[in-house]
Amino acid sequence: MTTKLSDLHDNPGARKKRVRVGRGIGSGVGKTSGRGQKGQTSRSGVAIKGFEGGQMPLHMRIPKRGFNNIFRKDYAVLNLGTLQSAIDAERIDPGQVIDAQALVDGGIITHARDGVRLLGVGTLTAKVNLKLAGASATAKAAVEAAGGSIELPAPAPAPLTKDEARAARAAARAAKTAK
C-alpha cells in the first residue's frame with residue numbers, strides 16, 4: 001500500500017483543540033471564562049508571581065543566607081593538561097613567555113577576565129615560562145618539575161593592625177611637627 005498525501009494524518013491525541021471560553025453556560029467556562037468574580041486577576045494583563053493578596057510573600061519571609069562579593073576576582077581557569085595539549089597541537093610556542101594574551105590568541109581561553117589561574121589537573125611535560133595571575137601549589141610544582149618557571153604578581157601587603165596604624169599616624173604627626 002502506498003502512502004498518499006491525502007492520507008497523511010497525526011497520531012490520535014497528537015493535537016488537542018483549545019478550550020473556547022466565554023461561549024455560554026453549557027460549555028462550563030461561560031460568562032466569567034473560569035476567572036471567577038471581579039478582582040485583579042479577572043482582568044487581562046495581570047502577572048503577579050509570588051503575590052499573596054497583601055500577605056508577606058514566601059520568598060520575602062524566608063531567611064536570606066550568604067554573601068555575594070561584588071569585588072571578587074573572576075579568573076579564567078587553565079589546567080595543566082589543557083596547556084600541554086595546546087603545546088602538542090602547536091597552538092602555543094613553548095619557547096616564548098606564555099601570558100594571558102598568548103592563551104587568548106592561541107584559542108585556549110576565550111577571555112582573560114581578571115587574569116588566568118593555572119590549576120594542577122593533568123600532566124605537563126614541556127618546559128614553559130609562564131606569566132599568569134595565579135597558580136595552585138600543585139601546578140607550580142609541576143611546572144618547576146618539568147624545568148619551566150612561573151611568574152606570579154607580588155602578593156598584596158597585609159593590612160595594618162589597629163596598633164600599627166595608630167603608630168604610623170603618630171609617626172606622621174611627629175614628622176610634621178618636626179618640620
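1. Two strands are taken to pair if DSSP finds at least two bridges between them. That criterion underlies the remarks on strands in this note, which concerns a predicted model. One instance of facing residues is V97, which stands opposite N129 in β4.

2. The strands β2 and β4 are joined by 2 bridges and run parallel, with β4 covering residues 129-131. They belong to an open sheet of 3 strands, ordered β2-β4-β6, in which the pairing is parallel. At the edges of this sheet stand β2 (97-98) and β6 (149-151); each has a single partner strand, so one side of each is left without a neighbour in the sheet.

3. A further open sheet, again of 3 strands with parallel pairing, has the order β1-β3-β5. Its edge strands are β1 (76-79) and β5 (134-135), each of which pairs on one side only.

4. Which strand is joined to β1, and by how many bridges? The partner is β3, residues 116-119; 4 bridges join the two strands, and they run parallel. Two facing positions may be located in the model: V77 stands opposite R117 in β3, and N79 stands opposite L119 in β3.

5. The side chains of β1 deserve separate comment, as they alternate along the strand. A76 and L78 point to one face and are buried, whereas V77 and N79 point to the other face and are not buried. Thus V77, the residue opposite R117 in β3, and N79, the residue opposite L119 in β3, both belong to the face whose side chains are not buried.

6. Outside the strands, a patch of positive charge is found on the surface, where K17, R18, R20 and R23 gather. Of these residues, R23 is placed in the segment before α1 (58-61). Is R23 buried or exposed? R23 counts as exposed because its relative accessibility is 52%, and the cut-off for that class is over 50%.

7. A nonpolar patch is also present on the surface, formed by V46, I48 and F51. Together these residues have about 240 Å² of accessible area. Among them, V46 lies in the segment before α1. The relative accessibility of V46 is 31%, and V46 therefore counts as partly exposed; this class lies between the buried limit, under 20%, and the exposed limit, over 50%.

8. The segment before α1 thus holds a residue from each patch: R23 from the positively charged one and V46 from the nonpolar one.

Terms used:
Residues are numbered from 1 along each chain as its sequence is written. This is a predicted model: local features need pLDDT of at least 70, side-chain atom pairs count only at pLDDT 80 or more; totals for chains, interfaces and linings use all residues. Side-chain values use heavy atoms; hydrogens and water are left out. Patches are made of residues with over 30% relative accessible area and no salt bridge: like charges are joined within 9 Å, nonpolar side chains (Val, Leu, Ile, Met, Phe, Trp, Tyr) within 5 Å. Accessible areas come from the Shrake-Rupley method with a 1.4 Å probe; for residues, only the protein chains shown count as cover. A salt bridge is a side-chain nitrogen of Lys or Arg within 4 Å of a carboxyl oxygen of Asp or Glu. Lys and Arg count as positive and Asp and Glu as negative; His and the chain ends are not counted. The place of a charge is taken as NZ of Lys, CZ of Arg, CG of Asp or CD of Glu. Buried means under 20% relative accessible area, exposed over 50%, partly exposed in between (1.4 Å probe, protein chains only).
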